[in-house]
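Trainee: I'd like to go through this one with you and ask where each label comes from. Can we take it step by step?

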Amino acid sequence: MDIEQWWPRLAQSAREWLVANNGDEVPSEIVEEIEAVGGPGLHDSWWGDEVPRHHTMPDAAVDWIEASANDEPTDVP
C-alpha cells in the first residue's frame with residue numbers, strides 16, 4: 001500500500017510526529033502503527049537494508065510528507 005493510502009489511517013499524533021521529525025529515524029512504535037494500518041512493517045525493505053535496521057523513510061516518502069504538510073501537490077513515492 002502506498003503512503004497516500006496508509007497516511008490518513010494513522011493516528012493524528014503519529015502524523016504530527018512524522019511531520020515534525022521528517023527525515024529522522026522513526027521509532028518502532030510508529031513503524032508498528034504504520035504496519036497496522038497497511039504500510040510497510042518493521043522488516044520491510046522499504047525502510048532500507050541497514051543492519052541493525054534503522055527505520056528511516058526513503059527520500060520520496062520524506063518529500064511526500066513535506067509536500068503534504070505544506071498543502072502542496074504530492075506525487076506517490
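Mentor: Sure, let's start with Trp 7, which counts as buried at 10% relative accessibility. Keep in mind that this is a predicted model, where local features need pLDDT of at least 70, side-chain atom pairs count only at pLDDT 80 or more, and totals for chains, interfaces and linings use all residues. Residues are numbered from 1 along each chain as its sequence is written, and side-chain values use heavy atoms, with hydrogens and water left out.

Trainee: Why is Trp 7 called buried?

Mentor: Buried means under 20% relative accessible area, exposed means over 50%, and partly exposed is in between, with a 1.4 Å probe and protein chains only. Trp 7 has 10%, so the value falls under the 20% cut-off.

Trainee: And what makes Trp 7 and Trp 64 an aromatic pair?

Mentor: Let me begin with the pairs in general. The structure holds three aromatic pairs. Rings of Phe, Tyr and Trp (its six-membered ring) pair if their centres lie within 6.5 Å; planes under 30 degrees apart count as stacked, over 60 as edge-to-face and the rest as tilted. One of the pairs is Trp 6 with Trp 46, at 6.2 Å centre to centre and 85 degrees between the planes. That angle is over 60, so the pair is edge-to-face.

Trainee: Which parts of the chain does the pair of Trp 6 and Trp 46 tie together?

Mentor: Trp 6 lies in helix α1 (residues 3-6) and Trp 46 in the loop between α3 (28-36) and α4, so the pair ties together parts that are 40 residues apart in sequence. Now for your pair: Trp 7 and Trp 64 sit 5.7 Å apart centre to centre, with 70 degrees between the planes, and are edge-to-face as well. Trp 7 is in the loop between α1 and α2 (12-20) and Trp 64 in helix α4, 57 residues apart, so this pair links distant parts of the chain.

Trainee: How do you know what counts as a helix?

Mentor: Helices (H or I, at least four residues) and strands (E, at least two) are DSSP runs, numbered from the N terminus. The chain has four helices and zero strands, and its pattern along the sequence reads α-α-α-α.

Trainee: Are Trp 6, Trp 46 and Trp 64 buried or partly exposed?

Mentor: Trp 6 is buried at 1%, and Trp 64 is buried at 6%. Trp 46 is at 26%, so partly exposed is the label there. Ring pairs also link Trp 6, Trp 46 and Trp 47 into a cluster.

Trainee: How much of the chain counts as buried?

Mentor: Of the 77 residues, 30%. Ile 65 in helix α4 is buried at 1%. Its C-alpha atom is 7.8 Å from that of Leu 18, and the two residues are 47 apart along the chain.

Trainee: What about the two prolines, Pro 40 and Pro 58: buried or partly exposed?

Mentor: Pro 40 is at 8%, so it counts as buried, while Pro 58 is at 26% and counts as partly exposed. Pro 40 is in the loop between α3 and α4, and Pro 58 has its place in that loop too. The C-alpha atoms of Pro 40 and Ile 3 are separated by 9.1 Å; for Pro 58 and Gly 23 the separation is 8.3 Å.

Trainee: What makes a patch of negative charge on the surface?

Mentor: Patches are made of residues with over 30% relative accessible area and no salt bridge (a side-chain nitrogen of Lys or Arg within 4 Å of a carboxyl oxygen of Asp or Glu). Like charges are joined within 9 Å, and nonpolar side chains (Val, Leu, Ile, Met, Phe, Trp, Tyr) within 5 Å. Asp 59, Asp 63, Glu 66, Asp 71 and Glu 72 gather in this one. Asp and Glu count as negative. Asp 63, in helix α4 (residues 59-69), is partly exposed at 47%, so its value is over the 30% asked for.

Trainee: And why is Asp 71 called exposed?

Mentor: Asp 71 has a relative accessible area of 73%, so the value is over the 50% cut-off. Asp 71 is in the segment after α4 and has a positive phi of about 55 degrees although it is not a glycine.

How values were computed. Accessible areas come from the Shrake-Rupley method with a 1.4 Å probe; for residues, only the protein chains shown count as cover. The place of a charge is taken as NZ of Lys, CZ of Arg, CG of Asp or CD of Glu.
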